[in-house]
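Here are my notes on the model you sent over. I've kept them as numbered points so you can follow along with the structure open.

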Amino acid sequence: PSPSPESSAAPSSSGESESYTAALAGFAVMVDNQLRAFIDTELALGVGILTDKSGVTDLQVEDMNGDQVTLEINDGGCSLAPVWAPDGSLRYLQIAADVSATVLEIDGNGELNDDNYSDHLTGQLEEAVWQRIHAVLALSKELGADFLGLGSRLALKEPVMYHSIGLPFST
């Protein structure tokens, strides 16, 4: 854990208070009271974005020179837009992710003032976020479990249409 002024304080061996922020280690996926999967730290970002609770996390990407760049995701979430078929069935959910990130470290000679360089990093961020979201959605589908609560969000957004698709909601 890293120090944070927002977190609770604990006394240190010297008697001074130290502050800590919890670091996300992953998620256990329970289905019918049984552990069915574990989502590791890397994919936990996808869960965080899909549930609008991404928190602060670091992400490694590669710049256009092949050098490692560490990005800190400060905030992230998504909006859901159901797309309905003419017969009233749910065709798919359109998911738009919104992520805010800061460059923490560049292991090379990257130039953030260069638009091409910044655009490349943005593309790398978008791809990394998409991969994590996709992997988490694929796991939800594989398990047949809406552990992300997307069905509940859809029911709140469009209750009449949601109830017309029948239950249980499958992802």
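1. Start with what packs over helix α2. The cover on its buried residues includes the strands β3 (27-31), β4 (34-39), β5 (57-62), β6 (68-84) and β7 (90-106), together with helix α1 (41-50). Keep in mind that this is a predicted model.

2. Which residues of α2 are buried? Going along the helix, they are Tyr117, Leu121, Leu125, Ala128, Val129, Arg132, Ile133, Val136, Leu139, Ser140 and Leu143. Arg132 is the one I'd like to come back to below.

3. The length of α2 checks out. Its 29 residues should span 42 Å at 1.5 Å a residue, and the C-alpha atoms at its two ends are 42 Å apart, so the expected and modelled spans agree.

4. Have a look at both ends of α2 too. At the N-terminal end, Asp114 acts as a cap, with a side-chain oxygen 3.0 Å from the backbone nitrogen of Asn116. After the helix comes Gly144, which has a positive phi, near 65°.

5. Now for Arg132, which sits in helix α2 (residues 115-143). Is Arg132 buried or exposed? Its relative accessible area is 10%, and buried means under 20%, so Arg132 counts as buried. Setting aside neighbours within four places in sequence, Arg132 contacts Glu42, Leu43, Leu45, Gly46 and Leu59.

6. One of those contacts involves charge: the side chains of Arg132 and Glu42 form a salt bridge, 3.4 Å from N to O. This pair ties together distant parts of the chain, with Arg132 in helix α2 and Glu42 in helix α1, 90 residues apart.

7. How many salt bridges turn up in a search of the whole structure? The search finds two. Besides the Arg132 pair, the side chains of Asp52 and Arg153 meet at 3.4 Å, N to O. Here too the link is between distant parts of the chain: Asp52 lies in the loop between α1 and β5, while Arg153 belongs to helix α3 (residues 150-157), 101 residues away. As for exposure, Asp52 is partly exposed at 41% relative accessibility, and Arg153 is also partly exposed, with a relative accessible area of 24%.

8. Over in strand β7, take a look at Glu105. This residue is partly exposed, with a relative accessible area of 44%. Leaving out residues up to four places away in sequence, Glu105 touches Gln68, Val69 and Thr70. The C-alpha atoms of Glu105 and Leu71 are separated by 7.2 Å, although the two residues are 34 apart along the chain.

9. Stepping back to the whole chain, there are four helices and seven strands. Read from the N terminus, the order is β-β-β-β-α-β-β-β-α-α-α. Of the contacts between residues at least 6 apart in sequence, 49% join residues at least 24 apart.

10. Last, some overall numbers on burial and surface. Of the 171 residues in the chain, 29% are buried. The accessible surface is about 10,600 Å², and carbon and sulfur atoms account for 49% of that area.

Conventions. Residues are numbered from 1 along each chain as its sequence is written. This is a predicted model: local features need pLDDT of at least 70, side-chain atom pairs count only at pLDDT 80 or more; totals for chains, interfaces and linings use all residues. Side-chain values use heavy atoms; hydrogens and water are left out. Buried means under 20% relative accessible area, exposed over 50%, partly exposed in between (1.4 Å probe, protein chains only). Contact means heavy atoms within 4.5 Å. Accessible areas come from the Shrake-Rupley method with a 1.4 Å probe; for residues, only the protein chains shown count as cover. The expected span of a helix is 1.5 Å times one less than its number of residues. A polar contact is a pair of N or O atoms within 3.5 Å; within protein, one must be able to donate a hydrogen and the other to accept it, and residues adjacent in sequence count only if both atoms are side-chain atoms. A salt bridge is a side-chain nitrogen of Lys or Arg within 4 Å of a carboxyl oxygen of Asp or Glu.
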